[in-house]
Amino acid sequence: MATTTIRVSERTRDRFAELAQATGRSMSQLVDEAADALERRVFFEHLTARYESLRADSAAWQEIEAERAIEAGILGDRSS
């Protein structure tokens, strides 16, 4: 795996060093995990914002609700 250097504040570096010590993971692994967590958070923030905009559009929201009703009926038929 290639490595590179990134600049962070001393406070952030110290926080990662403390977390590495406490968890037994490398600081690099912790940075990877932090990036993964941030990606998930941003994804769900965008997803939530899109659903909020759909809810504001009553026609679009009714279409979604109709699709959900169809899907629920199909799933209900399969589980019987």
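**A three-helix model and its largest pocket**

Ser53 sits in helix α2. The model looked at here is a predicted one, and Ser53 makes a handy way into it. This serine is partly exposed, with a relative accessible area of 36%, a value that falls between the 20% under which a residue counts as buried and the 50% over which it counts as exposed. Going along the chain from Ser53 to Ala72 takes 19 residues, and the C-alpha atoms of the two are separated by 23 Å.

Ala37 is another residue of helix α2. Its relative accessible area is 36%, so Ala37 is partly exposed. Ala37 can be set against Glu10: the two are 27 residues apart in sequence, and from C-alpha to C-alpha they are 22 Å apart in space.

Stepping back to the whole chain, the protein has three helices and zero strands. Read from the N terminus, the order of elements is simply α-α-α. With a radius of gyration of 22 Å, well over the 12 Å that the globule rule gives for 80 residues, the protein is more spread out than a compact globule. The C-alpha trace spans about 55 × 35 × 25 Å along its principal axes. As for burial, 9% of the 80 residues count as buried. The exposed surface of the protein comes to about 7,100 Å², and 53% of that is supplied by carbon and sulfur atoms.

Helix α1 covers residues 10–23. It is made up of 14 residues, and the distance from its first C-alpha to its last is 20 Å, close to the 20 Å expected at 1.5 Å a residue. Just past the end of α1 comes Gly24, which takes a positive phi of about 75 degrees. Helix α2, for its part, runs over residues 27–56.

Then there is the largest pocket, with a volume of about 390 Å³. What lines it? The lining of the largest pocket consists of 14 residues, and those that lie nearest the centre are Thr4, Ile6, Met27, Ser28 and Val31. Both α1 and α2 take part, each supplying at least two residues of the lining. Of the elements, α2 gives the most, with four residues. Sorted by character, the lining of this pocket has seven nonpolar residues, five polar ones and two charged ones.

Put together, the picture is of an all-helix run, α-α-α, in a protein more spread out than a compact globule, given its radius of gyration of 22 Å. Helix α2 carries both Ala37 and Ser53, and α2 is also the element that gives the most to the lining of the largest pocket.

Key. Residues are numbered from 1 along each chain as its sequence is written. This is a predicted model: local features need pLDDT of at least 70, side-chain atom pairs count only at pLDDT 80 or more; totals for chains, interfaces and linings use all residues. Side-chain values use heavy atoms; hydrogens and water are left out. On a 1 Å grid over the protein atoms alone, a cavity is a set of points where a 1.4 Å probe fits but cannot get out, and a pocket is an open set with protein on both sides within 12 Å along at least five of seven lines; lining residues have an atom within 4 Å of a point. Grid points are joined across faces, edges and corners, and a volume is the space filled by probe spheres set on the points. Ala, Val, Leu, Ile, Met, Phe, Trp, Tyr, Cys and Pro count as nonpolar, Asp, Glu, Lys and Arg as charged, and the others, Gly among them, as polar. The radius of gyration is taken over C-alpha atoms; the globule rule is 2.2 Å times the number of residues to the power 0.38. Buried means under 20% relative accessible area, exposed over 50%, partly exposed in between (1.4 Å probe, protein chains only). Accessible areas come from the Shrake-Rupley method with a 1.4 Å probe; for residues, only the protein chains shown count as cover. The expected span of a helix is 1.5 Å times one less than its number of residues.
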